[in-house]
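Work through the exercises below with the coordinates loaded. Try each task before reading its solution.

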Amino acid sequence: MRARGMTKAAALCAALAFAAVTGTSAAAPEKAATDARPVEQRVSRTVLVDCFRKPHVRPAAFLLACGDGNSRLISLRWSHWGTGKAVAKGRNVVNDCDPYCAAGTFHSYRVVVRLDRPERWSGHPGLRHYARMKLAYPDGRPRGSASVVAYPLWN
């Protein structure tokens, strides 16, 4: 009797496996049709690309000075993240490099971050990246900095 139970279980497993395989192959043409859309229609997300070419959506922190780490954004709270622009408030922590960067002091400034000018991210189909960042300092700002600074972002 135990052998008969095992035979039924094996038959049931085989039937489920067959159904899974045929279900997958039946869905394959639909997926192929979806992939056939033009690239413009497949682009769906806009990301912020970091120094290491990694994509981020609504990051809490972002390194601005890739070479030496002397400027970074922290405590970012995003009020908007869309395909055309993004807006956050946070802090810009900047080294004053006085008397030189290794002996300098880091200072923190309130900042409003705006990302815009999305472009296709080369080599990453379906992703766009923000190409410009604007920092606006509502209070104090780093020495020598304007109250609004625009940076081109890397691709």
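Relative accessible area sorts residues into three classes: buried means under 20%, exposed means over 50%, and partly exposed lies in between (1.4 Å probe, protein chains only). The model is predicted, so local features need pLDDT of at least 70, side-chain atom pairs count only at pLDDT 80 or more, and totals for chains, interfaces and linings use all residues. Residues are numbered from 1 along each chain as its sequence is written, and side-chain values use heavy atoms, with hydrogens and water left out.

**Exercise 1. Lay out the chain.**

Task: find how many helices and strands the chain has, and in which pattern they follow.

Solution. Step one: take helices (H or I, at least four residues) and strands (E, at least two) as DSSP runs, numbered from the N terminus. Step two: count them. The chain has two helices and eight strands. Step three: read along the sequence. The pattern is α-α-β-β-β-β-β-β-β-β. Step four: check the cover. Buried residues make up 29% of the 155 residues. Step five: add up the surface, using the Shrake-Rupley method with a 1.4 Å probe; for residues, only the protein chains shown count as cover. The chain exposes about 10000 Å², and carbon and sulfur atoms supply 58% of that area.

**Exercise 2. Classify the aromatic pairs.**

Task: how many aromatic pairs does a search of the whole structure find? Work out two of the geometries.

Solution. Step one: fix the descriptors. A pair of aromatic rings is described by the distance of the centres and the angle of the planes. Rings of Phe, Tyr and Trp (its six-membered ring) pair if their centres lie within 6.5 Å; planes under 30 degrees apart are stacked, over 60 edge-to-face, and the rest tilted. Step two: run the search. Four aromatic pairs turn up.

Step three: take Phe62 and Trp154. Their ring centres are 6.2 Å apart and the planes meet at 10 degrees, so this pair is stacked. Phe62 lies in strand β3 (residues 62-63) and Trp154 in the segment after β8 (148-152), so the pair ties together parts 92 residues apart in sequence. Phe62 is buried at 4% relative accessible area. Trp154 is partly exposed at 28%.

Step four: take Trp81 and Tyr130. The centres are 5.4 Å apart and the planes stand at 85 degrees, so this pair is edge-to-face. Trp81 belongs to strand β4 (residues 71-81) and Tyr130 to strand β7 (residues 127-136), so the pair ties together parts 49 residues apart in sequence. Trp81 is buried at 15%. Tyr130 is buried at 0%. Step five: extend the group. Trp78, Trp81 and Tyr130 form one aromatic cluster.

**Exercise 3. Trace the strand pairing.**

Task: which way do β4 and β5 run, and how many bridges join them?

Solution. Step one: apply the criterion. Two strands pair if DSSP finds at least two bridges between them. Step two: β4 and β5 are antiparallel, with eight bridges. A hairpin of four residues connects them. Arg72 stands opposite Val93 in β5. Step three: move on. β5 and β6 are also antiparallel, over 10 bridges. Here Arg91 stands opposite Arg110 in β6. Step four: check the cover of β5. Eight of its 10 residues are buried.

Step five: return to Arg72. A charge sits over a ring if NZ of Lys or CZ of Arg is within 6 Å of the ring centre and within 35 degrees of the ring normal. Arg72 lies over the face of Phe106, at 5.1 Å from the ring centre.

**Exercise 4. Find the core.**

Task: which residues touch the most other members of the largest nonpolar core?

Solution. Step one: build the set from buried Ala, Val, Leu, Ile, Met, Phe, Trp, Tyr and Cys residues joined through side-chain atoms within 4.5 Å. Step two: rank the members. The largest core has 20 residues, and Leu73, Trp78, Val113, Leu115, Met133 and Leu135 touch the most others. Step three: map the strands. β4, β5 (86-95), β6 (106-120) and β7 each supply at least two residues of this core.

Step four: list contacts (heavy atoms within 4.5 Å). Beyond neighbours within four places in sequence, the partners of Leu135 include Leu64, Leu73, Val113, Val149 and Tyr151.

**Exercise 5. Audit the backbone.**

Task: where is the cis peptide bond, and what is the phi of Ser75?

Solution. Step one: recall the baseline. Most residues other than glycine have a negative phi, and most peptide bonds are trans. Step two: Asp98 and Pro99 are joined by a cis bond, with omega about 5 degrees. Pro99 lies in the loop between β5 and β6. Step three: Ser75, in strand β4, has a positive phi of about 50 degrees. Ser75 is partly exposed at 40%. Step four: Arg117, in strand β6, has a positive phi of about 55 degrees.
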